[in-house]
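User: Please take a close look at one strand and its surroundings. I want pairing, salt bridges and the contact with the partner chain, with cut-offs stated.

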Amino acid sequence: MRFATLAELSAQCREADMTIGRYMIEEQVRESDQTEETVVGQMASYYQIMKEAVRKGTTEETKSRSGLTGGDAKRVMEYRALGGTALGGEASAALAYALGVSEVNASMGRIIATPTAGSCGIIPGVFVSTQERFGWTDDKMVEALFAAGAIGYVIANRSFISGAEGGCQAEVGSAVGMAAGALTELRGGTPEQAVHAVGLALKNSLGLICDPVGGLVEIPCIVRNGFGAVTALAAADMALAGVRSVIPSDEVIGVMKDIGAAMPEAHRETAKGGLAQTPTGKAILSDLRKKGGRS
Amino acid sequence: MRFKDVFSIMGPSMIGPSSSHTAGAARLGLTARQALGGQPDEADIIFSGSFAETYMGHGTDLAVTAGLLGCAPDDERIRDSIALAEAAGMELRFGTELRPGGHPNTVRFELRKGERALTMVGCSIGGGNVEIVGVDGFDVKFGADCPTLLVNHQDMAGTVAAMALIVGRANLNIRAMDVDRQSRSGRALTVMEMDQAVSAEVRRELQALPQVERVRLIHLNEEEGQE
């Protein structure tokens, strides 16, 4: 890839007069020495799997293997149908879809890691709900997935994307940043605005620890995916309104790395801190151990 | 750059719940299967670090077993893999161990198939990516994300050059290379990570070198790595 920072990415897109998504397709073709048809085809197949996970998560039984979680997306869907959500129909759809995909993940269903499995609900939640609302074509959505990938590529190489390395800020936070930037572009924002959306979104998760109860990717991961999808919508709206990330997004990415490195090991996916060490978290862990970790 | 392209961020397509604990684990199982050269009759699977703590809750045992059965990380049979392996007559044993200083998500395989045995140590390094750090007592390092040749040979002057010549003549580019030996003039293992697929003919040519004992190919996107 010929860019290492979001500033470079946005400058190169402007120079080439391309969206981030379009630019990333060309970069991927160059890097992989494959045809555009192949790389776009692979991403398109990923989008179909994301849509299927949304469908499954919001309509089918999704009990996790541990038995700790499942069914929350359906609960939110039913509550939405009553018409009284505080978020309103659209944002609550993003929330429900993100929960659904995350629950499919916890139940050992098929998902796309974006960027990881622990954060797999956010991009489908944002993409599928906004596609339904705005009537965008699949081709447009697939191009935007490349934009999300370009943003994630910068974050992953300059900071972290896994909770084990950088806390939940790196996992859910990266996905929110990727979704926010891509949605800004889907809604007609410039690459500069998309990059501001990334910074705005990422700032909101700085310091977020990875504290999975019982060490499992369920509690609090599933609900954080739901919250993350809504945050991405908010960040895109702010960026499209002209709100700028005063601290440049590349600096936000840099500081996420510093914060992650400074986090004690107990707060990085070890289940030795945070929610995992609350009285209830510990009780759940000891139950899981007694059952051999399996329901 | 640790992450090289868009698909190391977007994807893989996988069975949940954890790219490290299931997708990476399935890839480790598949790599071990190919390094052994087929489906094991017996498998000891020993987890350490976070794998040892949470492998049951995450289905890491199921994912690793599915890999040994030849399943890709997005194969829905992962959920039932232990039952499938038992039905296929595979003898499975799971254990845990401490590996001070090792990667937090590490698994050691002790596999047997007829006369053949394999020890492999691999780590799941995030996002479904893996790193193999040991094969049959040799310290190696490869990601199994591209066609990878494992060549057992005698440690002799000119061997690496002879191997490089063969792959070069076939117009194959070596992306990375790692050589480890047990002792001077003793047994050695060379790992060549390739940019292109490696044909059976190239493998035969390598095998025909007098100092070469065994040539294996790890190619996870292919149905089966080949001996």
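Analyst: What follows starts at strand 2 of chain B and works outwards.

This is a predicted model: local features need pLDDT of at least 70, side-chain atom pairs count only at pLDDT 80 or more, and totals for chains, interfaces and linings use all residues. Residues are numbered from 1 along each chain as its sequence is written, chains are lettered from A and ligands numbered from 1 in the order in which they are written, and side-chain values use heavy atoms, with hydrogens and water left out.

The strand first. Strand 2 of chain B covers residues 42-49. Of its 8 residues, 6 are buried. Buried means under 20% relative accessible area, exposed means over 50%, and partly exposed lies in between (1.4 Å probe, protein chains only). Strands (E, at least two residues) and helices (H or I, at least four) are DSSP runs, numbered from the N terminus.

Strand 2 of chain B pairs with strand 3 (residues 91-96) of chain B. The two run parallel and are joined by 6 bridges. Strands count as paired if DSSP finds at least two bridges between them. Here B:Asp44 has B:Arg93 as its bridge partner. Strand 2 of chain B also pairs with strand 4 (residues 105-113) of chain B. That pairing is antiparallel and has 8 bridges. In it, B:Ile45 is matched with B:Phe109. In a regular strand the side chains alternate between the two faces of the sheet.

Now the charges. A salt bridge is a side-chain nitrogen of Lys or Arg within 4 Å of a carboxyl oxygen of Asp or Glu. Over all chains the structure holds 30 of them. One joins B:Arg93 to B:Glu42, with the closest N and O atoms 3.1 Å apart. B:Arg93 sits in strand 3 of chain B and B:Glu42 in strand 2 of chain B, so the pair ties together parts that are 51 residues apart in sequence. Both ends are partly exposed: B:Arg93 has 32% relative accessibility, and B:Glu42 has 25%. The pair does not stand alone. B:Glu42, B:Asp44, B:Glu91, B:Arg93 and B:Arg112 are linked in a network of salt bridges.

Strand 4 of chain B carries a further pair. B:Glu110 forms a salt bridge with B:Arg108, at 2.5 Å between the closest N and O atoms. B:Glu110 counts as partly exposed at 22% relative accessibility, whereas B:Arg108 counts as buried at 19%. Elsewhere in chain B, B:Asp75 forms a salt bridge with B:Arg77, at 2.7 Å between the closest N and O atoms. B:Asp75 is buried, at 17% relative accessible area. B:Arg77 is partly exposed, at 46%.

Next, the partner chain. In contact terms (heavy atoms within 4.5 Å), 33 residues of chain B meet 51 residues of chain A. The area buried between the two chains is about 3300 Å², and carbon and sulfur atoms give 57% of that area. Buried area is the accessible area (1.4 Å probe) that two parts lose on being put together, summed over both. B:Phe7, B:Ile9 and B:Met10 supply 21% of the area that chain B buries against chain A, more than any other three residues.

The rule finds 2 salt bridges across this interface. B:Arg2 and A:Glu165 form a salt bridge through their side chains, at 2.7 Å from N to O. There are also 17 residue pairs in polar contact between the chains, both residues at pLDDT 80 or more. A polar contact is a pair of N or O atoms within 3.5 Å; within protein, one must be able to donate a hydrogen and the other to accept it, and residues adjacent in sequence count only if both atoms are side-chain atoms.

Which elements of chain B face chain A? Strand 1 (13-15), helix 1 (19-36), helix 2 (50-58) and helix 3 (60-68) of chain B each supply at least two residues of the touching side. Helix 2 of chain B gives the most, with 5 residues. Strand 1 of chain B also pairs across the interface: 3 bridges join it to strand 1 (residues 110-112) of chain A, and the two run antiparallel. There A:Ile111 stands opposite B:Met14.
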